[in-house]
Amino acid sequence: MTNIVAEIIPYGHENAITRAELATRLGESDRVIRAGINKSEELIINLQDGKGYFKPLPEEGHLVKAWIKLFESRVKDESRRLSLAREWKNEAI
């Protein structure tokens, strides 16, 4: 499914596609689509602007930089949550 998802996702931000659209086209659940995107060997990004997922074009480097910033922020937040969970677990033992 990973390759199929990556093949359907278009190049260029203006051609972005939502996960709901992908799920409808492929007849798969959102969970399967999300897993396909995450496991893809191609760079697929979503700028969280409501347009959806796309593979960036060479001239869209500024969008990749924006995505990196978004993703790094998300990773930082998730890392903090993971630390809280570990602290909780250690205190509960």
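**Notes on the predicted model**

1. Start with the loop between β1 (45-46) and β2 (53-54), which is where Gln48 sits. This is a predicted model. In it, the phi angle of Gln48 is near 60°. That is a positive value, and Gln48 is not a glycine.

2. Next, Lys55. This residue belongs to the loop between β2 and α4. Is Lys55 buried or exposed? Its relative accessibility is 5%, so Lys55 counts as buried; the cut-off for buried is under 20%. The side chain of Lys55 reaches the backbone oxygen of Ala6, at 2.7 Å.

3. Lys55 has further contacts beyond its neighbours within four places in sequence. Among them are Glu7, Ile9, Pro10, Tyr11 and Gly12. Glu42, Leu43, Ile44 and Glu60 are also in contact with Lys55. Ala6 is on that list as well.

4. Helix α3 spans residues 30-39. Which of its residues are buried? Ile33, Gly36 and Ile37 are. They lie on the same side of α3, because they cover an arc of only 100° around the axis. The other side of α3 carries Arg31, Asn38 and Lys39, which are exposed.

5. The largest nonpolar core has 10 residues. Ile33 and Ile37 of α3 are in it. So are Val5, Ala6, Ile9, Ile17, Leu22, Ala23, Ile44 and Tyr53. Which elements give two or more residues to this core? They are α1 (2-8), α2 (19-26) and α3. A second, separate core has seven residues, including Ala16, Leu47, Val64 and Trp67.

6. Val5 deserves its own entry. Setting aside neighbours within four places in sequence, Val5 is in contact with Leu26, Ile33, Gly36 and Ile37. Ile33, Gly36 and Ile37 are the buried residues of α3 noted above.

7. Leu26, the remaining contact of Val5 in that list, is found in helix α2. Its relative accessible area is 22%, so Leu26 is partly exposed. The buried class ends at under 20%. Leu26 and Ile4 are 22 residues apart in sequence, yet their C-alpha atoms are 8.6 Å apart in space.

8. Now the largest pocket. How much space lies in it? About 360 Å³. The pocket is lined by 14 residues. Of these, Ile37, Asn38, Trp67, Phe71 and Arg74 are the closest to its centre. The elements that give two or more residues to the lining are α3, β1 and α4. Two of the residues named here also appeared under α3: Ile37 as buried and Asn38 as exposed. Trp67 also belongs to the second core.

9. Last, Ser83. This residue lies in helix α4, residues 61-92. Ser83 counts as partly exposed because its relative accessibility is 35%. Where does Ser83 stand relative to Trp67? The two are 16 residues apart in sequence. In space they are 24 Å apart, C-alpha to C-alpha.

Key:
Residues numbered from 1 in each chain as written. Predicted model: local features only at pLDDT ≥ 70, side-chain atom pairs only at ≥ 80, totals over all residues. Heavy atoms only, no water. Buried < 20%, exposed > 50% of the residue type's maximum accessible area, 1.4 Å probe, protein only. Helix = DSSP H or I, 4+ residues; strand = E, 2+ residues; numbered from the N terminus. Arc of directions from axis to C-beta. Core = buried A, V, L, I, M, F, W, Y, C linked by side-chain atoms within 4.5 Å. Contact = heavy atoms within 4.5 Å. Polar contact = N/O pair within 3.5 Å; in protein donor to acceptor, adjacent residues only side chain to side chain. 1 Å grid on protein atoms, 1.4 Å probe; cavity = no way out; pocket = protein on both sides within 12 Å on 5 of 7 lines; lining within 4 Å. Points joined across faces, edges and corners; volume = space filled by probe spheres on them.
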